[in-house]
Number of protein chains: 4
Amino acid sequence: MALTYNRIAGQGLERLAALSDGIFAVAMTLLILDIKTPDHADIHGEADLIRALRGLLPSFLIFFMSVITLGIFWIGQQTQLNHLKRGDRNLSWVHIAFLAIVSILPFSTRLLAEFTEFQTALIVYWFNILLLGIILYFSWNYAQRHALVSDDTPHELNCAIQRRILIAQGLYFAGMLLCFVSVWASIGFILLVQLNYVLAPRLGFLHKL
Amino acid sequence: MALTYNRIAGQGLERLAALSDGIFAVAMTLLILDIKTPDHADIHGEADLIRALRGLLPSFLIFFMSVITLGIFWIGQQTQLNHLKRGDRNLSWVHIAFLAIVSILPFSTRLLAEFTEFQTALIVYWFNILLLGIILYFSWNYAQRHALVSDDTPHELNCAIQRRILIAQGLYFAGMLLCFVSVWASIGFILLVQLNYVLAPRLGFLHKL
Amino acid sequence: MALTYNRIAGQGLERLAALSDGIFAVAMTLLILDIKTPDHADIHGEADLIRALRGLLPSFLIFFMSVITLGIFWIGQQTQLNHLKRGDRNLSWVHIAFLAIVSILPFSTRLLAEFTEFQTALIVYWFNILLLGIILYFSWNYAQRHALVSDDTPHELNCAIQRRILIAQGLYFAGMLLCFVSVWASIGFILLVQLNYVLAPRLGFLHKL
Amino acid sequence: MALTYNRIAGQGLERLAALSDGIFAVAMTLLILDIKTPDHADIHGEADLIRALRGLLPSFLIFFMSVITLGIFWIGQQTQLNHLKRGDRNLSWVHIAFLAIVSILPFSTRLLAEFTEFQTALIVYWFNILLLGIILYFSWNYAQRHALVSDDTPHELNCAIQRRILIAQGLYFAGMLLCFVSVWASIGFILLVQLNYVLAPRLGFLHKL
């Protein structure tokens, strides 16, 4: 019966992955849905349309920041799930909570795109990222304490997963604090941190994962 | 040919699971889409934005109730599908009906978030949960009568699945009745019942599944 | 290399199934998104809300007709894909065309729900179903002519798949003609045909699949 | 541990495929969501409704062009993923960038449908296709340089994948230039190029893939 149980648990992880892929996919596609095409009544020529599209550039920048946020947490969650040998009911709920917070990101993104002049919008956005980090941190903690981690997970990786979340969240926190200088400074700093994760994961002290 | 048939039936269960994961993922992501960002014209400073966001808190509470509802029924359906050795046409239709009711939950949620002062909205929401319970109950019943349940399903689980639905629906019914006192009392009670399922499945008489 | 090719082709069928499940899932969830909650300004008491919800019943009926339509074609496509031993590029395109028509169903549904008094809306809806039938018919035809069908597919099933599409489309055509009497007569007839497929696939001459 | 690593990498490719299928599915379904049903207030009889629907035909044509675009790139990405033996972190990011650009296609499509009279809208649409081509080209390049391509990939295919992207992008570029004559000429030319890929992949110099 142990075998059966593992099989069931294994299927559970697969369906958790499938639900996650679905939610990340919908969230990523909805982000862009919030960028409206220009109002036809305002456009009287090519120059008007170009100007209107140029006015959307800040929204696109924030869109790309959110796509990268989703990408980072999609890869982060996937790395954890790939190193579990089985799941359990509680782990499912931890990840459903994670996915609920993922599905809020389009809201925070829209808020930030519409109210970029207000620190509050940036702080809400940062809080969204913070919650994602906290749940992923707790998820790995839980998996370790309840022997859900695969036996062949390298010890190095085992430690790196949580350390990496802590360092990243530290940098995001610093980025958030910058909003008291300027919201665009915050956005720029967070984007730089994210691009560092995307482009140069082998450089410096952030190279794990 | 028996082998072939089983393979086909097995694929059917997999695609049913895939369709379900897709619908749950879209439904969960659409829930939050109904929470609108504040109207820019009303916001003249940080204080206005904070006040406007605070005004969204009831909507977020109802959003979380619906996420938990979706999570509970996603896990409930998954538990059933994991313990089937094969599906058939009728079972597919039972689950398509289940998914149709799942896809109505964002409507009921929006209705409840907009008309929280009316019992009717809460009763519609409860009726949505009731239908989900009835179909899942019937689905297991059907699977048992038509020998679709895996042979290695523990007898205990076999009985627990339906008993658990009955108890939960009894509690939801009690929660619904509370709306004649106050709709918020109903919401609070239903949330408590749900959190009990999420957080403490090992305590008390609700510990099965 | 034959082995490799089959493996690749097999993966292609799996991804085609995954894309299909995704599109059916989104289409099914979007159907209900078009049913708007009542306007808050019009609702002054429980009676108003009940009346407003009752006014949505025709929309819900059409919603359920479309859910059943999607269910029938999802099962129909799945039956075909399950009996293929491999796919090819052309088959992929036939099914992408099929999925494009599936994604139009929420549009036709909305049109019918808003313009139920006009035959044109019903004819557009029927035309949508007709296109789905034509493509599925052609898809099986193509699979047979290019030796994509599994060798262990029972001869009976092989013939039944297309005959069943022809009979169903004949009935849908009859249902469409009824719109020249009354659109609601058409809707009622189509719903009856569909419920016959869902509930009583073992009765009468429609029992195959 | 090499075995384990491959298994993990393999799962990574599967989840990348699942995320891709989800995003393509949502994008394809959202395309049609932008085609609004006629305004009820304008429709006083069957003739009005038919005229209003006929007015939607250009939108439907552009919708089909975008469905074909999505189909071409879905098959193109799938061909690449099917011929990889494993993925890595960087490849994941290349494909997340690809998917971000895919999720922008509904925006470009809406823009083109609303502003078909402006070259700018067509150029934005073409730029979207160009970015998709560039990333897929780079993705295969990266896979080759980092030994991610399956050993049993025929040498011919290995070369054809990138040559095919270059030729297609050349034709799309020609189509874009036509917009300085007429935007509809561009749309017609691009549709013809696409239909050539869909219908006649065995004819002429475009027969690879």
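**Salt bridges and chain contacts in a predicted model**

Q: How many residues apart are C:Arg51 and C:Asp48 in helix H2 of chain C?
A: Both C:Arg51 and C:Asp48 belong to helix H2 of chain C, a helix being a DSSP run of H or I with at least four residues, numbered from the N terminus. The model is predicted, so that local features need pLDDT of at least 70 and side-chain atom pairs count only at pLDDT 80 or more, whereas totals for chains, interfaces and linings use all residues; side-chain values use heavy atoms, without hydrogens and water. Residues are numbered from 1 along each chain as its sequence is written, while chains are lettered from A and ligands numbered from 1 in the order in which they are written. Along the helix, the two residues are about one turn apart, a spacing of 3 residues.

Q: What is the N to O distance in the salt bridge of C:Arg51 and C:Asp48?
A: A salt bridge is a side-chain nitrogen of Lys or Arg within 4 Å of a carboxyl oxygen of Asp or Glu. C:Arg51 has a relative accessibility of 53% and therefore counts as exposed, given that buried is under 20% relative accessible area, exposed is over 50% and partly exposed lies in between (1.4 Å probe, protein chains only). The side chains of C:Arg51 and C:Asp48 meet at an N to O distance of 3.2 Å.

Q: Is C:Arg110, which forms a salt bridge with C:Asp34, buried or exposed?
A: The closest N and O atoms of C:Arg110 and C:Asp34 are 3.1 Å apart. This pair links distant parts of the chain, from C:Arg110 in helix H4 (residues 89-114) of chain C to C:Asp34 in the loop between helix H1 (2-33) and helix H2 (46-55), 76 residues apart. C:Asp34 is partly exposed at 25% relative accessible area. C:Arg110, at 10% relative accessibility, counts as buried.

Q: Which residue forms a salt bridge with A:Lys85?
A: A:Lys85 lies in the loop between H3 and H4 of chain A, and its partner, 66 residues apart, lies in the loop between H5 and helix H6 (155-177). A:Lys85 counts as partly exposed at 38% relative accessibility, whereas the partner is exposed at 68%. The closest N and O atoms are 3.0 Å apart. The partner is A:Asp151.

Q: Which axis relates chain A to chain B?
A: With superposition by least squares on the C-alpha atoms of residues with pLDDT of at least 70 in both copies, chain A can be laid on chain B with an RMSD of 0.0 Å. The operation is a turn of 90° with a shift of 0.0 Å along the axis. That is the relation of a four-fold axis.

Q: How much area do chain A and chain B bury between them?
A: Contact, meaning heavy atoms within 4.5 Å, takes 35 residues from chain A and 46 residues from chain B. Buried area is the accessible area (1.4 Å probe) that two parts lose on being put together, summed over both. Of this area, 68% is on carbon and sulfur atoms. The total is about 3600 Å².

Q: Which residue of chain B forms a salt bridge with A:Arg15?
A: The count between chain A and chain B is 1 salt bridge. Its closest N and O atoms are 2.7 Å apart. The partner of A:Arg15 is B:Asp21.

Q: Which helix gives the most residues to the side of chain A that touches chain D?
A: The contact takes 46 residues from chain A and 35 residues from chain D, with 1 salt bridge between the two chains. That bridge joins D:Arg15 and A:Asp21 (2.7 Å, N to O). H1, helix H2 (46-55), helix H3 (57-82) and helix H7 (183-199) of chain A each give two or more residues to this side. The most, 13 residues, come from H3(A).

Q: What is the phi of C:Ala147?
A: C:Ala147 is placed in the loop between helix H5 (119-145) and helix H6 (155-177) of chain C. At 42% relative accessibility, C:Ala147 counts as partly exposed. Although C:Ala147 is not a glycine, its phi is positive, at about 55°.
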